[in-house]
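Got the viewer open? Let's take a short walk through this structure, one selection at a time.

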Amino acid sequence: MNIKYWKILNKKENDSYDLINRIKINRKNINIEDDENLLLFEENPPMKDMDLAVERIRKALYNEEKIAIYGDYDCDGITSTALLYSYLENEGGDIIYYIPERESEGYGLNKEAIDILKENDVNLIITVDNGISALDEIDYAQNLGIDVVVTDHHRPREVLPNAVAVVDPHRVDCPSNLKYLCGAGVVFMLLAALEGGDYELILNLYSDIAAIGTVGDSVELVGINRLIVKYGLEKINSGDRVGINALLETSGIKDGASSESISFKIAPRINAAGRVGDVEVALVLLLTEDYEQAFSLASKLNEYNNERKELEKHILSDIRKIILNDKKIISDRVIIIKGENWHNGVVGIVCSKVSEKYGKPCILFSDDGKEARGSGRSIDGFNMIEAISACSEHLTRFGGHPMAAGMTLESENFDEFKAQFEEYAKKTCYIMPTAILNIDFEVSPSDMTTEQIKQLDIFAPYGVGNEFPVFCMKDVEIDGIVSMGMGKHIKIKVKKNEEYFYVLGFGITPEKFEYDIGDKVDIAFTADINDYMGKETVSLKLKDIRFSHIDQNDVCKGKKIYELFINNEDVAPYKNEIIPDRNDGAVIYRWLKTNGRFTRNSDIMYVKSGVNMGYCKYCILLMVMEELGLITTDNSIDIVKVKEKKDFCNSEILKRLSGV
């Protein structure tokens with residue numbers, strides 16, 4: 001059953017409307033007219049300490065001091081490092097870079113790395129995409145005679161590091177309103193400040209690398225971020241940078257880069273270097289001017305990316321087994337799972353997939369027997385970093401933001417942390433919010449024309465805060481289901497008002513598709529133009545699907561209440577609407593008797609049987625009928641032939657519900 005609530009942002013009032021203006025209503029934070037407006041940079045107050053950072057870096061360049069750029073191993077950190085290294089090298093600086101190794105060093109500054117930099121006669125460390133929480137480490141560097149300039153975009157703690165300059169838009173005393181910048185965005189602003197505010201020059205030179213970092217870090221594509229990505233895509237597609245050209249070619253991007261291709265093809269390959277390979281491969285690729293080297297490095301990133309995919313499959317397989325052995329895990333408010341020696345580099349990606357699948361916050365830990373490192377992903381309405389902070393007594397390290405966070409604890413403290421976290425979630429979200437799918441508005445088949453869809457280009461580049469427009473059609477009939485891509489995807493033929501069209505379901509196998517020909521469904525999808533041999537057609541890509549005429553609010557609420565019940569929590573406020581009776585059971589029993597064994601999941605039977613009861617009541621009813629020996633639900637739902645009538649009053653489940 002669908003686990004997302006569809007929130008339609010703009011109701012269709014009649015058959016005639018202006019597509020562009022209605023999309024604009026839903027994109028109030030996007031001002032298309034600002035896309036070429038460099039005044040956006042000048043209108044923002046400078047970031048706190050930016051002048052101090054510029055002064056110290058210029059001094060280091062003038063005095064020929066050795067400068068180390070201290071980066072991070074993800075796409076944002078790698079592009080941030082490449083930006084600053086390329087600029088300072090062009091300025092004639094004595095520059096080295098240092099990116100910590102994910103497995104052995106972890107995120108951020110560490111004292112062992114600082115010792116190495118001291119041995120290399122480094123006078124100044126500039127952090128990019130990290131440093132805001134490295135209080136002890138920066139004090140250690142200062143004691144060794146190394147100055148530190150921090151550039152970061154993560155939220156600081158109450159005390160700032162004792163650095164020469166701390167440039168972070170999230171400082172409480174920072175007047176800049178550029179809170180949405182990623183690490184590469186902060187470095188971009190630093191480069192412009194070093195050039196005396198010549199933003200156009202920095203855009204022309206570095207917007208391509210900054211755009212990859214911005215899209216790769218999933219920050220909002222609004223304001224200056226949007227401008228950087230718009231210019232950056234133009235620069236990428238102009239072919240100016242050898243390394244990016246090689247990356248486009250090996251990624252199979254033939255018709256020019258877009259924010260979507262950066263997000264799904266470019267950034268994952270750069271990230272893969274830091275997750276499973278050698279981060280220097282990605283960094284050198286962005287800096288090299290030799291095509292043969294670039295192509296070799298880009299091919300290596302492809303190998304890393306394929307290895308990353310295999311590691312993901314392995315972890316997902318482990319998680320499926322864990323859930324099969326303990327189905328209660330997915331009924332908890334937050335899914336918390338620990339695995340042995342999972343690759344830390346891909347745990348965060350898998351965590352996102354689990355959270356998306358079940359519509360719940362999720363935390364996955366990789367445990368090596370001594371230490372467990374975790375990644376958390378959340379949904380709107382549950383602040384992950386606040387929750388982790390509230391349970392931090394069991395953690396040795398943590399950081400993040402409301403939707404994603406990382407943490408480390410000693411293995412022996414896992415159970416205590418999990419229990420405390422679950423208790424926190426219970427107190428703050430007794431009913432966990434439902435994941436929401438924002439839909440721009442409802443359309444009909446005749447609305448999806450090439451002329452209409454082409455107009456959507458003015459809203460690009462798309463990304464977080466300016467997602468690709470999502471549409472929905474209600475009460476359409478499935479007319480055909482075709483396997484595609486060696487059985488990895490499907491093409492669904494649907495009809496509405498005698499109009500036929502196709503919707504592509506990527507990553508959905510025919511075996512896992514829960515719907516049949518003839519089913520009436522609502523579909524949510526995105527739309528773009530497919531150009532094949534000069535012929536343009538509208539291509540619809542499935543975003544979500546649900547049965548028509550099902551009360552989605554009831555299903556979402558019912559799932560949450562049912563989970564409370566099976567976890568032995570208080571459902572007293574809802575018991576009058578969830579207690580089934582014998583008549584409800586008779587409806588299901590007669591339907592099964594007529595239709596025979598039901599081999600699919602019980603959610604599908606809820607729809608197919610046409611029962612007129614709330615979703616939670618239905619789920620409890622199946623439990624009661626199985627308890628009384630009327631049905632079995634192991635691998636299918638079957639009637640059990642009984643010689644005598646079963647009395648619902650004998651159900652221990654119903655007694656508990658009734659307070660008996």
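A patch here is made of residues with over 30% relative accessible area and no salt bridge, joining like charges within 9 Å. Residue numbers start from 1 along each chain as its sequence is written, and side-chain values use heavy atoms, with hydrogens and water left out. You're looking at a predicted model, where local features need pLDDT of at least 70 and side-chain atom pairs count only at pLDDT 80 or more, while totals for chains, interfaces and linings use all residues.

**Stop one: the charged patch.** Select Asp368, Glu371, Glu410, Glu412, Asp415 and Glu416: together they form a negatively charged patch on the surface. Asp and Glu count as negative; a salt bridge would put a side-chain nitrogen of Lys or Arg within 4 Å of a carboxyl oxygen of Asp or Glu. Now pick Glu371, which sits in strand β9 (residues 371–377). Strands are DSSP runs of E, at least two residues, and helices are runs of H or I, at least four.

**Stop two: the rings.** The whole structure holds 18 aromatic pairs. Rings pair if their centres lie within 6.5 Å; planes under 30 degrees apart are stacked, over 60 edge-to-face, the rest tilted. Try Tyr291 and Phe295: their centres are 6.0 Å apart and their planes at 40 degrees, so this pair is tilted. They lie four residues apart in helix α13 (residues 291–325), about one helical turn.

Next, select Phe365 and Phe414, an edge-to-face pair with centres 5.4 Å apart and planes at 80 degrees. Phe365 is in strand β8 (residues 362–367) and Phe414 in helix α16 (residues 414–428), 49 residues apart.

**Last stop.** Add Phe382, Phe417 and Phe421: ring pairs link them with Phe365 and Phe414 into a cluster.

Key: Patches are made of residues with over 30% relative accessible area and no salt bridge: like charges are joined within 9 Å, nonpolar side chains (Val, Leu, Ile, Met, Phe, Trp, Tyr) within 5 Å. Accessible areas come from the Shrake-Rupley method with a 1.4 Å probe; for residues, only the protein chains shown count as cover. The place of a charge is taken as NZ of Lys, CZ of Arg, CG of Asp or CD of Glu.
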